[in-house]
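Visitor: I'd like to go through some of the labels people put on a model like this one. Could you show it to me and explain where they come from?

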Amino acid sequence: MIDLAREWHPFPKLLKFVDLCFFFKIKYLHLHFIDDQRYTLPSKAFPHITDGNRFYSYEEIAAMRSYANQRGVILVPEFEAPGHAAAMNRNYPDIFAPKLSGNEGTEITTEAGAVITAANIVNAGNPLTIEAIRTLRFEICERFPETPYIHIGGDEANIKVWNYCTDSLAYMKDNNIEDVYELYSDFVGRVAQMVLDMGRTPIVWES
């Protein structure tokens with residue numbers, strides 16, 4: 001697995017990773033494209049989701065796919081959610097960010113005095129969030145037609161934020177969801193089903 005979001009890797013370096021897989025007979029190259037630091041894939045539906053010029057172009061993705069195919073290496077793209085989503089929240093807050101009751105910022109202080117950040121988790125109850133994630137995943141499937149797998153992330157999410165998100169609380173009430181842990185399972189299930197509906201097998205972190 002190569003993390004392309006936390007640390008930027010120029011495009012020629014990606015081809016060297018493919019070469020390493022070919023040399024060591026590694027069949028799959030897992031590419032972590034999205035995290036808090038940046039969203040590194042181009043998007044027609046959300047053209048401003050990337051920051052600056054540190055993302056890969058459509059032409060580069062196509063060239064990397066061709067290069068990998070010639071060497072028998074299967075690329076497995078990862079789109080991280082619901083956590084590690086600060087880049088999405090930063091660039092499209094009205095679509096992805098939690099709506100916090102009585103709080104305009106991105107941090108919540110609980111009654112016990114704990115501080116929880118809402119900057120890096122998506123809104124689990126907003127229909128616009130779910131449809132946007134579906135659209136972005138469909139774009140990824142289009143960009144990587146050969147891979148049977150799409151990694152959906154799922155780890156290290158500050159799900160306690162949803163206790164203070166008006167959309168998430170309303171969704172829980174409407175769907176008889178008991179707590180944010182059950183909401184997390186529901187969210188991962190919905191996203192996994194998206195990938196299945198697109199004819200791919202979802203992979204998820206277990207942590």
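Guide: Sure. Let's start with N176, which sits in the loop between α6 (166–174) and α7 (180–197). Keep in mind that this is a predicted model.

Visitor: What makes N176 count as exposed?

Guide: Its relative accessibility is 69%. Exposed means over 50%, so N176 gets that label.

Visitor: And what is the phi of N176 like?

Guide: Positive, near 55°, in a residue other than glycine. Most residues other than glycine have a negative phi.

Visitor: Which loop holds K25, and what is notable about its backbone?

Guide: K25 lies in the loop between α1 and β2 (28–32). Its phi is positive too, about 60°, although K25 is not a glycine.

Visitor: Why is K25 called exposed?

Guide: The relative accessible area of K25 is 77%. The cut-off for exposed is over 50%, so K25 qualifies.

Visitor: How do you know that L20 is partly exposed?

Guide: L20 has a relative accessible area of 45%. Buried would need under 20%, and exposed over 50%. The value for L20 falls in between, so partly exposed it is. L20 is found in helix α1 (residues 11–23).

Visitor: What makes L20 part of a surface patch?

Guide: Patch members need over 30% relative accessible area, and nonpolar side chains are joined within 5 Å. L20, at 45%, clears the accessibility cut-off. It forms a nonpolar patch with F23, F24 and I26, and together they have about 450 Å² of accessible area.

Visitor: How do α1 and α2 cross?

Guide: The axes of α1 and helix α2 (residues 58–70) come within 10 Å and cross at roughly 15°. Angles under 35 degrees count as roughly parallel, so α1 is roughly parallel to α2. The crossing of α1 past α2 is right-handed.

Visitor: What about T135: why is it called partly exposed?

Guide: T135 comes in at 33% relative accessibility. Since partly exposed is the range between under 20% and over 50%, T135 fits there. T135 belongs to helix α5 (residues 127–143). Its C-alpha is separated by 17 Å from that of A97, with the two residues 38 apart along the chain.

Visitor: Last one: what kind of peptide bond joins A81 and P82?

Guide: A cis one, with omega about 5°. Most peptide bonds are trans. You'll find P82 in the loop between β3 (74–78) and α3 (86–91).

Methods:
Residues numbered from 1 in each chain as written. Predicted model: local features only at pLDDT ≥ 70, side-chain atom pairs only at ≥ 80, totals over all residues. Heavy atoms only, no water. Patch = residues over 30% accessible without salt bridge, like charges linked within 9 Å, V, L, I, M, F, W, Y side chains within 5 Å. Areas by Shrake-Rupley, 256 points an atom, 1.4 Å probe, with all protein chains shown as cover. Salt bridge = Lys/Arg side-chain N within 4 Å of Asp/Glu carboxyl O. Helix = DSSP H or I, 4+ residues; strand = E, 2+ residues; numbered from the N terminus. Buried < 20%, exposed > 50% of the residue type's maximum accessible area, 1.4 Å probe, protein only. Axes fitted to C-alpha atoms, helices over the stretch in contact; angles between N-to-C directions. Parallel < 35°, antiparallel > 145°, perpendicular 65-115°, else oblique. Left-handed = near helix turned anticlockwise from the far one by under 90°.
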